[in-house]
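Q: Could you take me slowly through one strand of this protein and its surroundings? I am in my first year, so please explain each term as you go.

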Amino acid sequence: QVQLVESGGGLVQAGESLRLSCAASGTIVSVNNMGWYRQAPGKQRELVARIIRDGSTTYADSVKGRFTISRDNAENTVYLQMNSLKPEDTAVYYCNGNLITADWRTRAYWGQGTQVTVSS
């Protein structure tokens, strides 16, 4: 069974840092785009950062200069280093990945979400 498993969320104070991890497991042939999204209460889910296989990245304007996305292709893992956290970064963070599975089909998978809470 293919799944994305996130870890690393928690409660921090404004200005502190957190590192999120997301590992893809199961029978995976290849991992294409991977990214992080977040959803705050009462708001729509939004893209935070995305990285494609060659390492090219995209960031939401609100996190540029503070967050860094990276990936380990050998481990099918994506990371989100979050620095200088602000209370407005508080949300459930979801990992997303476009994976090619053993049947050679490409599907989008989501992690279960991890809570990030930043206190002022």
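A: What follows is a close look at strand β9 and the parts around it.

This is a predicted model, in which local features need pLDDT of at least 70 and side-chain atom pairs count only at pLDDT 80 or more, while totals for chains, interfaces and linings use all residues. Residues are numbered from 1 along each chain as its sequence is written, and side-chain values use heavy atoms, with hydrogens and water left out.

Strands here are DSSP runs of type E with at least two residues, numbered from the N terminus. Strand β9 covers residues 91–101, and because nine of its 11 residues are buried, it is largely enclosed by the rest of the structure. The word buried stands for under 20% relative accessible area, exposed for over 50%, and partly exposed for what lies in between, using a 1.4 Å probe and protein chains only.

Two strands are said to pair if DSSP finds at least two bridges between them. With strand β4 (residues 28–39), β9 pairs in the antiparallel sense over nine bridges, and Tyr 93 in β9 is the bridge partner of Arg 38. With strand β11 (residues 114–119), the pairing is also antiparallel and has three bridges, and here Ala 91 has Val 116 in β11 as its bridge partner. Five bridges join β9 to strand β10 (residues 106–110), again antiparallel, with Gly 97 opposite Tyr 109 in β10.

The hairpin of β9 and β10 has four residues between the strands, and Trp 104 in this hairpin takes a positive phi near 65 degrees. Arg 105 also lies in the loop between β9 and β10, and this residue counts as exposed because its relative accessible area is 51%. Leaving aside residues up to four places away in sequence, Arg 105 touches Leu 99 and Ile 100, where contact means heavy atoms within 4.5 Å.

Tyr 93 leads us to the interior. A nonpolar core is a set of buried Ala, Val, Leu, Ile, Met, Phe, Trp, Tyr and Cys residues joined through side-chain atoms within 4.5 Å. The largest such core has 30 residues, of which Trp 36, Leu 80, Met 82 and Tyr 93 touch the most other members. Strands that each supply at least two residues of this core include β4, β8, β9 and β11.

Met 82 belongs to strand β8 (residues 77–82) and counts as buried because its relative accessibility is 0%. Not counting residues up to four places away in sequence, Met 82 touches several residues, among them Tyr 93 and Val 116.
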